[in-house]
Each structure stands twice: as structure tokens, then as C-alpha cells.
Amino acid sequence: MVQHAYCELDVPHPSQPGRLTAAFSNPLRILSAATASEVAAVLDEAESWSRSGHWVIGFVAYEAAPAFDRALHTFEAPPAGMPYAAFAVYHDPDQPRRMRHAHQYGAWRNETARHEFDAAMQHIKDGISEGDYYQVNYTARLRASFSGDALSLFDDLRGSQPEAYCAFLDFGDWQICSVSPELFFYWDAADNDTAVRNLTCRPMKGTAPRHPDPAQDHAAAQHLRDSPKERAENLMIVDLVR
């Protein structure tokens, strides 16, 4: 069981102006699921710690999908050494942030061969034509050699998307550098019970950046209304998030 975890958060705060930027070390507990069957218990314990006033920071792997619905199948386990879910529990953020060091990485290579990609695209198109589904998020894994400090890489990624939702997880044997332009959801619950006061979702599909120039802002909004593709993507992402 990994006993070390260092985490950083740098995210826009949905309920107040500015960003939430914080660093965490010396966790009280490490919660980890070595198999998909352990994911639900880990999430229950993580929620319990959170409701008791602690910071709980972690992730759930894509390959953990069968833990929520047996009809959802994945084709492989998480990368070697990574759990299906892991969370670190903290009292409060620490200061200062950890020192950075140099890093370097090699050329990225796609693990999906061209013939595999073409076959997947044809399968998706056939499924859409037959009405099996109307949206597929097809992804492929890229791999590159890496050496040095993963936290330094995280800073580079964060600098390339300064408005993104950013999280760095270092659990010793593995690190995650996450920089996303989208907020899946922010749940603002009442302090004394489980009633939801506000649920905020900020997807990107079918949306456009706001412009300080009213004319440009209006043109962007009109484009969203007039574009069948943008309207379809907005409908799909709203349906997915809901």
C-alpha cells in the first residue's frame, strides 16, 4: 500500500471569483482499489472522509466502468502499477509548493495502428447508421519516453492552458498530470445535510468563448444557433452531463 502522496490543485472556483490553488502533502490515509470490485467501497470511504471536513483528492480509472454497471466493458486493466481508483485524504493544504526540477520526453507515438483506427471508425459509423448510439468519444493512447520531474511537466501543461482545471497527483509509483478545459460537475451541498444547493457543469461541445466586443459575441452566438453540428454537439453533451 502506497503511503506517500503529493497533490496540487489549480482550478477556477465555480462559487466565487478567482482560482483555487493549493498543495497537499502528508496524507492521513491512502484509499486504493486494486480491482474493479473494490471501487465502490473506496468511493464510499472517500465520500465519508469528505463529509467529515477533509480534503479528498484522487481519480477513478476509465477501466473501472464495470464497477458501476456490469454492462460496461473495457478491454484492459489500468497501466501497470496503477489502481482502478485512488484517493489521498488530507486535513488542509500545505505551503509552500514542492520544488520543481528539469524534465524531458521523447517523441509521442500512437499505440493504435492505422488499420485498427480505420476499422474502429467504420464500426462506429455502422453503429450510428443502425441507431445503436448517436455519440461515440473515440480515443487512442499516445506513449513517449520520459525522464525527470513530472511536476515540471505539469507546470508546462498548466501554462499552455491557464484557464483549465488542473490537478497533479503523485502517489510515489505513478503520477497523473491532468489539465482539462471542462468541468464535469461541481456540487455545492448544504453544510448540515445532503441537500444540493447548486450543481454546476461546464462542458465545451456546442459552446463558444465569450467576446468583449458585443458584435463578435452576437456573431458567435448566431453561429451556434445556425450550425447543425454545433447544435447537435450541444444537445449530446447536455444529455450526457444530465
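Among contacts in the chain between residues at least 6 apart in sequence, what percentage join residues at least 24 apart? The figure is 62%. Keep this in mind as we visit a few places in this predicted model.

**Figure 1. The whole chain, with its five helices and 13 strands.** Let us start with the overall view. The C-alpha trace spans about 50 × 45 × 40 Å along its principal axes. Of the 242 residues, 29% count as buried. The accessible surface comes to about 15,900 Å², and carbon and sulfur atoms account for 54% of that area. Among the side chains, 21 are positive and 33 are negative. The centres of these two sets lie 3 Å apart.

**Figure 2. Strand S1, a mostly covered strand.** Here we move in on residues 6-12, which make up S1. Seven of the seven residues in this strand are buried. In a regular strand, side chains alternate between the two faces of the sheet. On one side of S1 you can find Tyr6, Glu8, Asp10 and Pro12, and on the other Cys7, Leu9 and Val11. Both faces are covered, and every one of these residues is buried.

**Figure 3. Strand S1 and its antiparallel pairing with S2 and with S10.** Next, look at the partners of S1. Strand S2 covers residues 19-24 and pairs with S1 over six bridges. Strand S10 covers residues 165-170 and pairs with S1 over five bridges. Glu8 is a handy landmark for finding your way. In S2, Glu8 has Ala23 as its bridge partner, while in S10 it stands opposite Phe168.

**Figure 4. The hairpin formed by S1 and S2.** Follow the chain from S1 into S2, and you pass through six residues between the two strands. One residue to look for in this turn is Gly18, which has a positive phi of about 85°.

**Figure 5. Asp170 and its surroundings in strand S10.** Our last stop is a single residue. Is Asp170 buried or exposed? Asp170 counts as buried because its relative accessible area is 8%, and the cut-off for buried is under 20%. A polar atom of the Asp170 side chain lies 2.9 Å from the backbone nitrogen of Gly172. Leaving aside residues up to four places away in sequence, Asp170 touches His4, Ala5, Tyr6, Arg98 and Gln175. Tyr6, one of these neighbours, brings us back to S1, where Tyr6 is among the buried residues.

Technical notes: Residues numbered from 1 in each chain as written. Predicted model: local features only at pLDDT ≥ 70, side-chain atom pairs only at ≥ 80, totals over all residues. Heavy atoms only, no water. Buried < 20%, exposed > 50% of the residue type's maximum accessible area, 1.4 Å probe, protein only. Helix = DSSP H or I, 4+ residues; strand = E, 2+ residues; numbered from the N terminus. Pairing = 2+ DSSP bridges. Contact = heavy atoms within 4.5 Å. Areas by Shrake-Rupley, 256 points an atom, 1.4 Å probe, with all protein chains shown as cover. Lys, Arg positive; Asp, Glu negative; His and termini not counted. Charge placed at Lys NZ, Arg CZ, Asp CG, Glu CD. Polar contact = N/O pair within 3.5 Å; in protein donor to acceptor, adjacent residues only side chain to side chain.
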